[in-house]
Amino acid sequence: MDNCLFCKIVRGEIPSRKVYEDDEVFAFHDINPLRPVHLLVVPKHHITSLATIVEADVPVLGRILAVANKLAIAQGSPDGFRVIINTGRVGNQEVQHLHAHIVGGPDPVGPMLKKIN
Ligand code: AMP
Ligand code: ZN
């Protein structure tokens, strides 16, 4: 995807604060961290969202979750973390390249969502 922000980050065309890379995934600090630890883990190949995955994407989805714990520990969230994958319009997904937010830090991140009436 020529014009995709996170594809450009993976290719190094846009700078990022990389924390991890392997053959399938790339992880970097969120530019606007919402907690002391706020990482994004993305597939290296373009996947728009969880709403567009195909069978061939299953291994990379597993890899994204499998690296989360060691990245969280390495970056300062040793006692747990939260994974968020915003998906589509209802999920308030802003960047149209699948990404898992890994959020944490020394203190609990707070309740899952605020209830709406
Ligand atoms: P989402 O709303 O789930 O699509 O989240 C998109 C995330 O990407 C937000 O938390 C942004 O702060 C983050 N973001 C946007 N541009 C960049 C960038 N150039 N480098 C790192 N994170 C970014
Ligand atoms: Zn992309």
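The following questions and answers concern a predicted model of a protein chain with ligand 1.

Local features need pLDDT of at least 70 and side-chain atom pairs count only at pLDDT 80 or more, while totals for chains, interfaces and linings use all residues. Residues are numbered from 1 along each chain as its sequence is written, and side-chain values use heavy atoms, with hydrogens and water left out.

Visitor: Which side chain has an N or O atom 2.5 Å from an oxygen atom of ligand 1?
Guide: A polar contact is a pair of N or O atoms within 3.5 Å. On the backbone side, a polar atom of E94 is 2.7 Å from a ligand oxygen, and an N or O atom of N92 is 3.4 Å from one. The side chain at 2.5 Å belongs to D30.

Visitor: How do the residues of the shell around ligand 1 divide into nonpolar, polar and charged?
Guide: A residue is near ligand 1 if one of its heavy atoms lies within 4 Å of it. Ala, Val, Leu, Ile, Met, Phe, Trp, Tyr, Cys and Pro count as nonpolar, Asp, Glu, Lys and Arg as charged, and the others, Gly among them, as polar. The shell has 7 nonpolar, 7 polar and 2 charged residues.

Visitor: Which element gives the most to the shell around ligand 1?
Guide: Helices (H or I, at least four residues) and strands (E, at least two) are DSSP runs, numbered from the N terminus. Strand 2 (25-29) and helix 1 (5-11) each supply at least two shell residues. The most, 3 residues, comes from helix 1.

How values were computed:
Chains are lettered from A and ligands numbered from 1 in the order in which they are written. A polar contact is a pair of N or O atoms within 3.5 Å; within protein, one must be able to donate a hydrogen and the other to accept it, and residues adjacent in sequence count only if both atoms are side-chain atoms.
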